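Welcome, and thank you for taking a look at this structure. Let's walk through it together, one region at a time.

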Amino acid sequence: MNQMLTTFLRSFRTPILPQPGACRGSSHRLTAGTMTLAGVLLFVPALSVFAGVGDSTRITRIVPSAASINRDPQIHLNRIVWEGINTTTGSANIYSYNNGWVENISNHGDYISYPPQISGTNIVWAQDGGGDDDIYFYNGGSVTNLSNNYGGHDSEPQIDGTNVVWRGNSSGNWDIYLHDGTGVTNLSDDSGFNQTPQIDGTNVVWRGNADGNYDIYLHDGVSVTNLSDNSANNYGARISGTNVVWRSDANGNNDIYLYDGTSVTNLSDNTIPGAESPNNTMTHISGTNVVWSSNADGDYDIYLYDGTDTINLS
């Protein structure tokens, strides 16, 4: 029994790797055995691209973090990215794990890089370059400053393929910008306060108050449409293709609304004030399927709209 326990514990040993910020511009190979990612625990199947071929499942850690804060991991297939903060210098870099290698891809001095987003091999993040915040894009080989303006502040980047969207105030207002792989376009271009962009392909949705209240706007690759177009508070927009879902108190309740490319439908249609969960990140969409949390029946349940009906799953 003692021998079996010793063998089990040894299986969770991790290689000692340089701390974030210690070796900027270098890559570090993770050796065979259990790996670590900045204090982030992953459950990895034995046949996973991370673990290789094996005969059991295991908990995997990926980059020891003795003097660092490592957070906000994002994953796409077998690539993982995260923000690593050096607590000694205060700098923050972006790290990427892929096929056994951990790389510092932001590779800067004592600046601050904010949590990244990933799509395929493409990674995007906001970075304080000393005086302003810009949007940086990594294509698997090199890093490009997409916003590249001085004095402006750019934040909240989202990515789909090579298309990157963010909000910035280089125009004097907070607008929504899109880089389509070629150039940058100001999608909102108004005097309002625009925020929280989301992207799917060339379709971009965001929240803005150009019309006096916070509405949900959609850029479909050609033009901008005010989807909510009411005097209420609209927020928490998510997008899948041309389908957009958001929350609104237009009827006096916090309801879930869906734009299906043609018209807007109230999916929840509650009569209980404050019935929907106040956490708008709990509303998500994939195709015509929408899921959210609600206490419409007295306690918090999970609801699914499947394109036809609304179902209480829990």
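In this predicted model, strands S25, S26, S27 and S28 follow one another in that order in an open sheet of 4 strands, and their pairing is antiparallel. The two edges are taken by strand S25 (284–286) and strand S28 (310–312); each has a single partner strand, so one side of each is left without a neighbour in the sheet. On average, neighbouring strands of this sheet are turned by 20° against each other, direction ignored. In general, the strands of a sheet pair through backbone hydrogen bonds, either parallel or antiparallel.

Within this sheet, strand S26 (residues 289–294) is joined to strand S27 (residues 301–305) by 5 bridges, in the antiparallel sense. If you would like a pair to find in the viewer, try Trp292, whose bridge partner in S27 is Tyr303.

Strand S27 also holds Ile302. This residue belongs to a nonpolar patch on the surface, which it forms with Ile311 and Leu313; together the three have about 240 Å² of accessible area. Is Ile302 itself buried or exposed? Neither word quite fits: its relative accessibility is 34%, so Ile302 counts as partly exposed.

**A second open sheet**

Another open sheet has 4 strands in the order S21-S22-S23-S24, again with antiparallel pairing. Here strand S21 (234–240) and strand S24 (264–266) stand at the edges, and because each has a single partner strand, one side of each lacks a neighbour in the sheet. The average turn between neighbouring strands of this sheet is 20°, direction ignored. Strand S21 and strand S22 (residues 243–248) run antiparallel and are joined by 5 bridges. Among the residues to look for here is Ile239, whose bridge partner in S22 is Val244.

**A hairpin**

Now move to strand S13 (residues 154–160) and strand S14 (residues 163–168), which pair in the antiparallel sense over 5 bridges. Asp160 stands opposite Asn163 in S14. The two strands, S13 and S14, form a hairpin with 2 residues between them. One of the turn residues, Gly161, has a positive phi of about 65°.

A charged pair spans this hairpin as well. The side chains of Arg167 and Glu156 meet in a salt bridge, at 3.3 Å from N to O. Arg167 lies in strand S14 and Glu156 in strand S13, so the salt bridge ties together parts that are 11 residues apart in sequence. The partners differ in how covered they are: Arg167 counts as buried at 13% relative accessibility, while Glu156 counts as partly exposed at 27%.

**Charged pairs**

How many salt bridges are there? The count comes to 3. In general, side chains of opposite charge can pair when their charged atoms come close. The table lists the pairs with the distance between their N and O atoms.

| Salt bridge | N to O distance |
|---|---|
| Arg71 and Asp72 | 3.7 Å |
| Arg71 and Glu83 | 2.6 Å |
| Arg167 and Glu156 | 3.3 Å |

Which residues are linked in a network of salt bridges? They are Arg71, Asp72 and Glu83. Arg71 forms a salt bridge with Asp72, with the closest N and O atoms 3.7 Å apart, and its side chain also meets that of Glu83 in a salt bridge at 2.6 Å. The pair of Arg71 and Glu83 links distant parts of the chain, 12 residues apart: Arg71 is in strand S4 (residues 68–76) and Glu83 is in strand S5.

Looking at the members of this network in turn, Arg71 is partly exposed, with a relative accessible area of 38%. Asp72 is partly exposed too, with a value of 35%. Glu83, placed in strand S5 (residues 79–86), has a relative accessibility of 1%, so Glu83 counts as buried. The side chain of this buried residue also makes a polar contact with the side chain of Arg71, at 2.6 Å.

**The whole chain**

Stepping back, the chain contains 1 helix and 28 strands. It has 314 residues, and 46% of them count as buried. The chain exposes about 14,800 Å², and carbon and sulfur atoms supply 50% of that area.

Notes: Residues numbered from 1 in each chain as written. Predicted model: local features only at pLDDT ≥ 70, side-chain atom pairs only at ≥ 80, totals over all residues. Heavy atoms only, no water. Pairing = 2+ DSSP bridges. Axes fitted to C-alpha atoms, helices over the stretch in contact; angles between N-to-C directions. Patch = residues over 30% accessible without salt bridge, like charges linked within 9 Å, V, L, I, M, F, W, Y side chains within 5 Å. Areas by Shrake-Rupley, 256 points an atom, 1.4 Å probe, with all protein chains shown as cover. Salt bridge = Lys/Arg side-chain N within 4 Å of Asp/Glu carboxyl O. Buried < 20%, exposed > 50% of the residue type's maximum accessible area, 1.4 Å probe, protein only. Polar contact = N/O pair within 3.5 Å; in protein donor to acceptor, adjacent residues only side chain to side chain.
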